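Please open the structure in your viewer and keep the selection tool at hand. The tour below proceeds from one selection to the next.

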Amino acid sequence: MEISIIAEKLFSIGNFSVTNSLFIAVIVAVALGLSAAVFSRNPKEIPRGAQNVIEAVFEGLLSFIESITNDRKQAKDFFPLVATIFLFVLFSNWSGLLPGAGTIGLNEEHAGRIIMVPFLRGPAADLNMTVALSLVSVFSVQIFGILALGVRGYVSKFLVAPWKKPYAIGTIVGLLELIGEFAKILSFSFRLFGNVFAGEVLLTVMLSLVPYLIPLPFLILEVFVSVVQAAVFSLLTIVFLKMAVTGHEEGAH
Amino acid sequence: MEILTQIGINGKLLLAQVVNFLILLFIMHRFAYKPMLSFLESRTTRIEEGLKNAEEAKKRLDDAAKSEEKILADARAEARKIATEAKESSEKRGQELLMEFEKKADTLVVEARAQAVEEREKLFREAKGEIADLVIATTEKVLREKLENEGERKSVNRFLS
């Protein structure tokens, strides 16, 4: 049994090597985009079948965002990014739980050793995916902040002159917040990666120890953890977005 | 940088994942969120409108029922008033007529009595006249007869003498 922290290479397009996690990420994205687009087309006044599900999911997400922002307009602004993160992370995680993920693959020789390269690997069990999502999230936070407060207003959150009101404390807090913005990338990506990768390791180990029944509770747990991780990632994104668009002065009063 | 490659971070793959996510974001936004959310919004406003209209209609119905009741009550009161008034006025009128008739009857009786008295007096007068005539005529006749008898006697006497 070999569990690699690095996603394995499946095939190459030119000199770009496609890993199994990227492959699955693309498939999840295509499936999600297609189904959402198909089911959202020509919505009927009286919802039927899949439209009910889409409506429930969208309404639920929107009201969830609104419950944090307390502002309908902001909720609508944040909705596309947050909803996409939630749905993409959720379905990525669930795709990693499909039978065969991490277990079906080709045996390849690497550095003199035979290792099995699985076809399926949960996209979030690859740091490239989680770091990519974190970068998108944190970058969006900065963009929303600048759009809401202007460049000067937004920068003044981090760079506080030491001769102004809270003096040196303000300067230090501002710098800490600036460091915090970078720390967000790390915390975002490692939280998601850690949870999903740990889950996959756990499942693989359980499966190799006792193939029947015993892994089932863990599988159910992972289904749940997938939802929680998707919710946490999107929740934190909302919170950071809300913090970014709230001005310094506004927050102080 | 060494640690990054050790934990599997690869610039190309990272970029590919970012691009993948951004494309998904764009597609979801363009083809799912936008149409669906605007649709949901419009339906929400329509439902709100419908509820508001229903409430208004109900209120109007209540108002109509209330005003109907009021109109009915007013009409009933009016009718009662009119009936009472009519009864009163008819009673008054009856009283008046009665009084008038009594008065008229009184005058009629008085007139009749006066007439009767006059009639009797007239009769008396006439009867008196007639009796007088009759007395005169009778007296005349008696006297004449007496006179005639006197004359015959005289003539007889003369013959005899």
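Helices (H or I, at least four residues) and strands (E, at least two) are DSSP runs, numbered from the N terminus. This is a predicted model, in which local features need pLDDT of at least 70, side-chain atom pairs count only at pLDDT 80 or more, and totals for chains, interfaces and linings use all residues. Residues are numbered from 1 along each chain as its sequence is written, chains are lettered from A and ligands numbered from 1 in the order in which they are written, and side-chain values use heavy atoms, with hydrogens and water left out.

**First selection: helix α2 of chain B**

Select residues 11-160 of chain B, which form helix α2, and find E88(B) within that helix. E88(B) counts as exposed because its relative accessibility is 53%; buried means under 20% relative accessible area, exposed over 50%, and partly exposed in between (1.4 Å probe, protein chains only). Now add E78(B), E85(B) and E91(B), which gather with E88(B) in a surface patch of negative charge. Patches consist of residues with over 30% relative accessible area and no salt bridge, with like charges joined within 9 Å and nonpolar side chains (Val, Leu, Ile, Met, Phe, Trp, Tyr) within 5 Å. A salt bridge is a side-chain nitrogen of Lys or Arg within 4 Å of a carboxyl oxygen of Asp or Glu.

Next, select N20(B), which also lies in helix α2 of chain B. Is N20(B) buried or exposed? N20(B) counts as buried, because its relative accessibility is 10%. Outside its neighbours within four places in sequence, N20(B) is in contact with A25(A), V26(A), A29(A) and F88(A); contact means heavy atoms within 4.5 Å.

**Second selection: chain A**

Colour chain A by secondary structure: 7 helices and 4 strands should appear. Along the sequence, their pattern is β-β-α-α-α-β-β-α-α-α-α. Chain A has 253 residues, of which 42% count as buried.

Select Q142(A) in helix α4 of chain A. Q142(A) counts as buried, because its relative accessibility is 18%. Not counting residues up to four places away in sequence, Q142(A) touches Y154(A) and E181(A).

**Final selection: a nonpolar patch**

Select I146(A), V151(A), V155(A), L159(A), L175(A), L178(A) and F182(A), which make a nonpolar surface patch of about 620 Å². Helices α4 (127-155) and α5 (167-209) of chain A each supply at least two residues of this patch. End on F182(A), which is placed in helix α5; F182(A) is exposed because its relative accessible area is 58%.

Methods: Areas by Shrake-Rupley, 256 points an atom, 1.4 Å probe, with all protein chains shown as cover. Lys, Arg positive; Asp, Glu negative; His and termini not counted. Charge placed at Lys NZ, Arg CZ, Asp CG, Glu CD.
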